[in-house]
Amino acid sequence: MNFDYQIAVIGGGSGGLTVAAGAASFGASVALIERKAELGGDCLHYGCMPSKALIQSAKEVYEAAHYSSFTSEEYDRLFRQAMERVAAAVQDVQEHDSKERFIKLGIDLYEAEAAFKDEHTLIVGDKTITAKRFVIATGSSPIVPPINGLDTVDYLTNETIFSLRERPESLAVVGGGIIGIELSQAMARLGVEVTIIEGGDEILSKEDQEIVRTAHDLLSQELSVLTRAKVDRVDKKPQGLTVYYTKDGAEGSIDAERILVAAGRNANVDALELQNAGVKVTRGSVEVDATLRTTSRHIYAVGDCNGSMPFTHVAGLEGKVAVSNAVLGLSKKVSYEKVPWVVYTSPEIYHLGLTETEAQEKYGDHLLTFKTMLRNNDRFMAERHKEGLVKVMTNQRGKIVGAHAIGEGAGEWMQEVGTLQALNKKFQSLSNVVHPYPARNNVVSQTADLYWREKLFDSSLNKAISWYVQTFR
């Protein structure tokens, strides 16, 4: 059979663009299908880029507010300027993912919805194309839970909140995951009264428990957090809305001007007619094996649509693996063991590997845990950012199995631990690296020094060394 393309990529986000550009560079004929007006996916338009631009603007306003009290009118102006800054940042980054760039690579770009007709044929808008292999990279969309009355109000999601130009006086946020927490703090710092409603026992349920307790305490100084609270209904009012909820068996309500829904993500797979291609969907996501191959061996899936880890850098990682397998015929496997993530609150939260609870369950008495409080580090004391901690867990030989931190800029200085793990180096080797004083990452080497304190100075070997020094030196 003659195919129009060697590979067709469905989705123009991080994973899809990685595959398309990589395949074209290897000399494959490539079709790239994207249903939205611009390339870049959720990360560029509704996720990483706009949220980080908003977070930075909000941080600057928050810091300035320590030295000057802003009026309501000034907060209105600052809010509008922050949102305009977000739009400008997105436009700047958009140039990196411009359609022209990919067309120049020899990629044929289709701007339409795609659906499988059979295992090698796609209906793309009013066209039909065939390909020898496919990569599905359609991303995800916000989950909108079936809350009574929610459809009667103009609710916000991460796809619409960045279009705001007028500051709401108050905001109710449904969901205490990463998206909900990051946007809630940013809004609070821009003069919005924010209440988070989270159904679980705690916010940020995937983070280390000690880190979460610290984050909860710090966030509660800027906004309200309700946990173990289930939203029952939303009533529209002449001015704003009322959210009714049940917490610990008791009913309560919150009046707010707007409501943000941040209750998780759904894979974008419904419109693809995957059954026509023999691709299995499990729990709402495309089922893949360790090589990112679906139940149809010539079709792969990367990014949010496969239900692995919902992060842009993971989609990029998977894209590199998929292009090697789909284009070069390799059987590389993807591993998530060494993939970190960051919650970009202030202070930031860094996560790598197992939490302490997970590590204790796996390693038991063979687990070593090393912890440093930021209040015991000179740089953080000098900056007056003393709230936070570093926690690194290893096996008895020093292999890193988990690393977590909460602190100003943690996403940057903690990656030194991630680099050690990626290079298969032991945590104690960091003690041999000289860090400029007083750089923030001194707190990481300070934590690594604890390994030697426990393994050497608190061991029987220390008694032998002490005897040698006293006797012969």
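# Salt bridges, sheets and a pocket

A search of the whole structure finds 22 salt bridges, each a side-chain nitrogen of Lys or Arg within 4 Å of a carboxyl oxygen of Asp or Glu. The model is predicted, so local features need pLDDT of at least 70 and side-chain atom pairs count only at pLDDT 80 or more, while totals for chains, interfaces and linings use all residues. Residues are numbered from 1 along each chain as its sequence is written, and side-chain values use heavy atoms, with hydrogens and water left out.

Me: Which residue meets Arg85 in a salt bridge, and in which helix does that residue lie?
Reply: The side chain of Arg85 meets that of Glu60 at 2.8 Å, N to O. The two are 25 residues apart, with Arg85 in helix 4 (residues 72-94). Helices (H or I, at least four residues) and strands (E, at least two) are DSSP runs numbered from the N terminus. The partner is therefore Glu60, in helix 3 (residues 48-65).

Me: Is Arg85 buried, partly exposed or exposed?
Reply: Buried means under 20% relative accessible area and exposed over 50%, with partly exposed in between (1.4 Å probe, protein chains only). Arg85 has 36% relative accessibility, so this residue counts as partly exposed.

Me: How many residues apart in sequence are the parts tied together by Lys391 and Asp208?
Reply: Lys391 and Asp208 form a salt bridge whose closest N and O atoms are 2.9 Å apart. Lys391 belongs to strand 22, whereas Asp208 sits in the loop between strand 9 (193-197) and helix 7 (209-219), so the separation of the tied parts is 183 residues.

Me: Why do Lys391 and Asp208 share one accessibility class, and which class is it?
Reply: Lys391 has a relative accessibility of 1%. Asp208 has a relative accessible area of 2%, so Asp208, like Lys391, falls in the class called buried.

Me: Which residue is the salt-bridge partner of Arg228?
Reply: The closest N and O atoms of this salt bridge are 3.0 Å apart. Arg228 lies in the loop between strand 10 (224-226) and strand 11 (229-236), and its partner in the loop between strand 12 and strand 13, so the pair ties together parts 20 residues apart in sequence. Arg228 is partly exposed at 36%, whereas the partner counts as exposed at 52% relative accessibility. That partner is Asp248.

Me: What is the phi of Asp248 in the hairpin of strand 12 and strand 13?
Reply: Strand 12 (residues 241-247) and strand 13 (residues 250-256) pair in the antiparallel sense over seven bridges, where pairing requires that DSSP find at least two bridges between two strands. Tyr244 stands opposite Ser253 in strand 13. The hairpin has two residues between its strands, and Asp248 takes a positive phi near 50 degrees.

Me: What angle does helix 12 make with strand 20?
Reply: Strand 20 belongs to an open antiparallel sheet of five strands in the order 19-20-23-22-21. Six bridges join strand 20 (residues 348-353) to strand 23 (residues 400-407), and Leu352 has Ala403 as its bridge partner. Helix 12 (residues 415-422) packs on the sheet and touches strand 19, strand 20, strand 22 (389-394) and strand 23, contact meaning heavy atoms within 4.5 Å. With axes fitted to C-alpha atoms (for helices over the stretch in contact) and angles from 0 to 180 degrees between N-to-C directions, the direction of helix 12 makes with that of strand 20 an angle of about 10 degrees.

Me: Which residue of strand 9 stands opposite Val173?
Reply: Strand 9 is part of an open parallel sheet of four strands in the order 10-9-8-14. Five bridges join strand 8 (residues 170-174) to strand 9. The residue opposite Val173 is Ile196.

Me: Which helix gives the most to the lining of the second largest pocket?
Reply: On a 1 Å grid over the protein atoms alone, a pocket is an open set of points where a 1.4 Å probe fits, with protein on both sides within 12 Å along at least five of seven lines; lining residues have an atom within 4 Å of a point. The volume of this pocket is about 400 Å³, taken as the space filled by probe spheres set on the points, which are joined across faces, edges and corners. Of its 15 lining residues, Tyr62, Arg189, Ser346, His385 and Glu387 lie nearest its centre. The most, three residues, come from helix 3.
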